[in-house]
Amino acid sequence: MAKKWVYPFEEVDQAEKYAGSWDGVRGLLGGKGSGLADMTRAGVPVPPGFTVTTEACNEFRKTGKFPPGMWDQMLEALKVVEQKTGKKFGDPENPLLVSCRSGAKFSMPGMMNTILNIGLNDAVVQGMIKLTNNPRFVWDAYRRLVDMFGTTVFGVDDEIFAQPLTDYKARKGYKLDTDMTADDWKALVGTFKQAYKKTIGEDFPQDVYKQMELATKAVFESWMGKRAIDYRRATNISDDLGTAVNIVTMVFGNMGDDSGTGVAFTRNPSTGDKKMMGEYLMNAQGEDVVAGIRNTQQIDELVKNMPQVYNQFMDITSKLEQHYKDMQDVEFTIERGKLWMLQTRNGKRTAKSTVKIAVDMANEGLITKEEAVLRVTPEVVDALLHPQFDENAKKDAVVYAKGVNASPGAAVGQAYFDADTAEKMAKENKQATIMVRPFTKPDDVHGMIASQGVLTSEGGATSHAAVVARQFGIPCVVGASMIKIDLENRIMEVNGTSVKEGEWISVDGTTGQVYVGKLPTSAPSLEEQTDLLTLLTWADEITARKEIRTLPDGRKAPGVQVWANADYPKDARRARSYGAKGIGLCRTEHMFFETERLPIVQKMILAETSEERTKQLNLLLPTQRKDFDGLFEAMDGYPVIIRLIDPPLHEFMPDEEKLLEEVIEMRVKGETRGLQEKENLLATIKGLHESNPMMGLRGVRLSIVMPEIVEMQVRGIFEAAADCHLRGIVVHPEVMIPLTGTVKELEWIQPRLVRIAKAVMEEKKATFTYKFGTMIEIPRAAVTAGELAKLAEFFSFGTNDLTQMTFGYSRDDAERNFLITYVAEGILPKNPFQTIDREGVGRLMQMAVNEGRQTRPDLEVGICGEHGGDPDSIEWCHMIGNNYVSCSPFRVPIARLAAAHVALKYAGQKILEDK
Ligand code: PEP
Ligand code: MG
């Protein structure tokens with residue numbers, strides 16, 4: 001028997017059996033097809049129809065032909081539809097009309113083709129007129145079919161139909177399409193057919209089966225169209241999925257005042273509020289609502305127009321939401337008072353509503369807390385922490401225009417009036433752009449994605465611009481109708497104030513306001529985002545469960561904690577308020593760069609004797625102690641890892657070239673005052689010069705050559721810790737030695753430092769727990785981790801340096817020189833400075849954890865390189881048994897969520913042992 005390529009909506013059980021799971025059905029029949037079939041099974045009124053599978057699409061893509069048996073199966077399925085509807089395809093006496101709609105596994109709104117009213121031809125038109133007694137409606141439907149066939153199936157420019165319509169209306173003095181009479185549309189059908197023949201070179205097909213065949217092919221082909229490909233690239237949808245084709249009985253929303261069509265979301269996709277949001281139009285068809293061309297009515301008003309239909313609609317949609325356990329995006333049509341559901345799918349939504357809906361649904365008992373946590377991706381949290389316009393700046397700014405707040409966030413950019421220019425300016429000229437259009441269409445998406453924000457003068461909250469912007473997290477304001485956009489002269493105007501193309505505007509997708517010029521932005525406060533806080537609390541609860549991981553010796557352990565990299569008390573306070581459970585890295589040298597301290601640091605470096613150096617260091621001690629005190633206080637009860645000085649000393653000195661220029665200038669001008677000092681300084685800097693400073697005198701090497709600095713630092717750390725302890729603050733200082741390569745280095749330095757720590761505690765009469773540990777950022781350290789762990793009580797992976805040294809790529813230059821090309825060419829799957837290279841760097845980490853814990857079973861292991869905030873790298877850290885990841889305070893919320901995701905993904909599994 002031939003392979004089954006076609007599934008009538010009633011055969012969803014068969015599809016499920018073949019595909020093995022509901023996810024499989026979605027893959028086979030696409031989102032739309034599986035939704036229609038599933039609704040049919042649940043008894044929801046769905047117009048009869050069938051789905052041609054994505055497998056057929058993929059065969060078609062390979063051979064350019066329908067696979068054997070597919071067409072016959074379509075004809076058979078069509079017969080069933082004819083039986084169910086009591087109508088016949090192509091029969092003028094009692095015609096069946098169908099639509100041909102695309103639908104891939106993941107929805108790609110507006111990206112692929114739809115053809116409506118298939119089955120109309122010259123003869124059927126006459127029959128339909130007799131049946132409906134509505135010649136205006138029939139001729140209108142026919143002209144739409146000719147138009148859609150030309151533009152969609154043959155890809156001709158829309159203008160060849162749009163222009164004659166505009167001219168016709170102008171000749172007749174009509175303003176709106178609704179002014180057109182039956183005879184007008186009839187005349188226009190003739191004009192359209194002529195234009196069709198002239199451009200395409202053949203007559204519009206009168207054979208209705210030919211229409212269905214060509215439309216099906218066009219949908220298959222649209223999968224590989226530019227629009228669809230651009231969209232898939234931007235959303236990481238694989239090309240291999242293919243699209244299904246749905247042939248669905250036409251129902252008409254434009255059959256008079258008891259008909260209509262609309263779209264709705266079961267909850268507000270912008271705010272997440274639990275209230276149906278939607279729009280509809282009476283006496284309208286197809287895309288009229290989504291295109292945002294006519295002003296729509298709010299769904300609530302339907303209760304007045306058609307109370308019974310409204311109640312039935314509310315009942316069905318609430319059941320659909322319960323069934324799919326998610327917010328639904330539905331399309332419906334009312335044909336002469338009867339409701340038909342044309343689509344249901346999980347609705348696209350903003351970051352804010354993603355979190356709210358997940359939390360609400362868990363609180364309503366519709367989903368579990370775990371499901372709620374899994375529904376929110378780290379990118380969503382990232383978007384929620386995106387900048388907003390500064391409140392004070394907004395108060396002073398004049399609002400230029402106001403529209404619908406379709407997608408939240410603040411966008412500042414230069415205005416461009418078409419997608420191609422907006423994309424070009426953004427990509428080639430690296431400009432921040434705002435795409436401004438009357439309304440957007442699917443082939444504008446590339447311009448939207450490239451832009452910081454989108455502004456339209458027409459359309460509502462479910463218009464194309466709004467839906468797409470929400471999906472991509474692009475701030476967007478739609479329907480700012482006071483703006484007059486003059487596309488020809490590239491200018492927009494509101495009450496006499498004009499903005500030319502290329503001028504700066506600021507778009508507030510949160511409030512719907514638009515400003516001229518650049519408004520300053522500020523980071524949003526997490527404290528105000530109560531739903532997100534709830535979700536993150538659930539995430540932490542999951543990660544902290546005792547049995548999340550199984551250690552190699554069989555003991556159970558929780559998931560990875562999230563700590564933060566913070567150099568100053570204010571960073572630590574932010575980190576803590578963002579949920580960090582410790583400080584994983586304080587780069588102490590950053591404190592040396594402060595204006596009043598740098599001259600002391602420089603004198604300390606220039607010192608010729610140890611006494612002189614110690615004198616300068618003693619001047620630095622109080623300030624360091626104060627910084628550490630602030631950190632301990634902010635992190636009361638949590639561990640604080642303080643890293644001893646790491647960078648090469650030349651980084652603290654003035655720029656060598658600049659100094660040389662100054663010296664030369666003084667010599668030329670014959671100036672002598674201060675020359676000697678400058679020359680001495682230059683000589684010292686020259687002396688500090690190294691060919692490869694990143695591999696030079698830095699980290700623990702510097703501490704061994706010049707121990708006074710770290711001795712002062714350790715004194716500062718323990719004095720501060722003791723003071724805090726005596727004030728009742730719970731301190732857990734952890735001293736971190738950077739850039740270790742051999743255990744001998746630790747053997748040399750660590751006992752000296754421990755002695756100082758103990759001495760301070762004795763002096764201050766304070767006892768508290770502390771640790772001394774090392775960074776693992778040199779491959780040799782990873783390979784000899786078992787040795788290092790004899791002294792080191794903790795490891796922290798400095799994956800910035802570890803990546804640099806493992807690949808031999810300079811962390812400062814690689815991106816600029818070759819790394820981007822490497823990623824583009826597929827030589828590297830991702831930038832290894834952003835995402836841990838598991839096979840190389842990751843393998844070294846895994847080895848280090850295993851060997852380190854063989855020496856010291858309770859060795860604390862973390863990561864403090866940039867990778868600590870990257871979800872994919874967090875997953876690796878979980879898998880190899882890290883206790884925590886440490887990242888910048890702003891990334892802490894993202895990392896908390898990512899840590900919970902991985903905890904759920906690998907719940908109970910064993911930590912990877914070294915190969
Ligand atoms: C690292 O190397 O990963 C690290 C955290 O240290 P730094 O970036 O300061 O060299
Ligand atoms: Mg480092």
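These exercises work through two sheets, a pocket and an aromatic pair in a predicted model.

Residues count from 1 along each chain as its sequence is written, and chains are lettered from A and ligands numbered from 1 in the order in which they are written. In this predicted model, local features need pLDDT of at least 70, side-chain atom pairs count only at pLDDT 80 or more, and totals for chains, interfaces and linings use all residues; side-chain values use heavy atoms, without hydrogens and water.

**Exercise 1. Lay out the eight-strand sheet and the helices on it.**

Step 1. Fix the terms. Helices (H or I, at least four residues) and strands (E, at least two) are DSSP runs, numbered from the N terminus. Two strands pair if DSSP finds at least two bridges between them.

Step 2. Write the order. The open sheet runs β34-β33-β32-β31-β30-β29-β28-β35, with parallel pairing. Its edge strands, β34 (860-863) and β35 (884-887), each pair on one side only. The twist from one strand to the next averages 25°. Angles run from 0 to 180 degrees between N-to-C directions, with axes fitted to C-alpha atoms, for helices over the stretch in contact.

Step 3. Take one pair. Five bridges link β30 (residues 639-643) and β31 (residues 732-737) in the parallel sense. Here V640 stands opposite P733 of β31.

Step 4. Add the helices. Helix α28 (residues 707-726) packs on the sheet and touches β30, β31 and β32 (771-776). Contact means heavy atoms within 4.5 Å. The direction of α28 makes about 170° with that of β31. Helix α34 (residues 838-855) lies across β33 (794-797) and β34, at about 180° to β33.

**Exercise 2. Trace the three-strand sheet through its bridges.**

Step 1. The order is β20-β21-β22, an open sheet with antiparallel pairing. The edges are β20 (484-486) and β22 (497-500). The twist averages 20° from strand to strand.

Step 2. Three bridges join β20 to β21 (residues 491-494). D486 has I491 as its bridge partner in β21.

Step 3. Four bridges join β21 to β22. E493 stands opposite S498 in β22.

Step 4. Check the turn. The hairpin of β21 and β22 has two residues between the strands, and N495 takes a positive phi near 45°.

**Exercise 3. Describe the second largest pocket by volume and lining.**

Step 1. Set the criteria. On a 1 Å grid over the protein atoms alone, a pocket is an open set of points where a 1.4 Å probe fits, with protein on both sides within 12 Å along at least five of seven lines; lining residues have an atom within 4 Å of a point.

Step 2. The volume, the space filled by probe spheres set on the points, is about 710 Å³.

Step 3. The lining has 37 residues, and L551, A557, R853, G881 and N883 are the closest to the centre. Helix α34 gives the most, with four residues.

Step 4. Sort by class. There are 16 nonpolar, nine polar and 12 charged residues. Asp, Glu, Lys and Arg count as charged, and Gly is among the polar ones.

**Exercise 4. Classify the aromatic pair of W139 and Y142.**

Step 1. Rings of Phe, Tyr and Trp (its six-membered ring) pair if their centres lie within 6.5 Å; planes under 30 degrees apart are stacked, over 60 edge-to-face, the rest tilted.

Step 2. W139 and Y142 lie 6.3 Å centre to centre with 40° between the planes, a tilted pair.

Step 3. Place the pair. W139 and Y142 are three residues apart in helix α6 (residues 135-153), so about one helical turn separates them.
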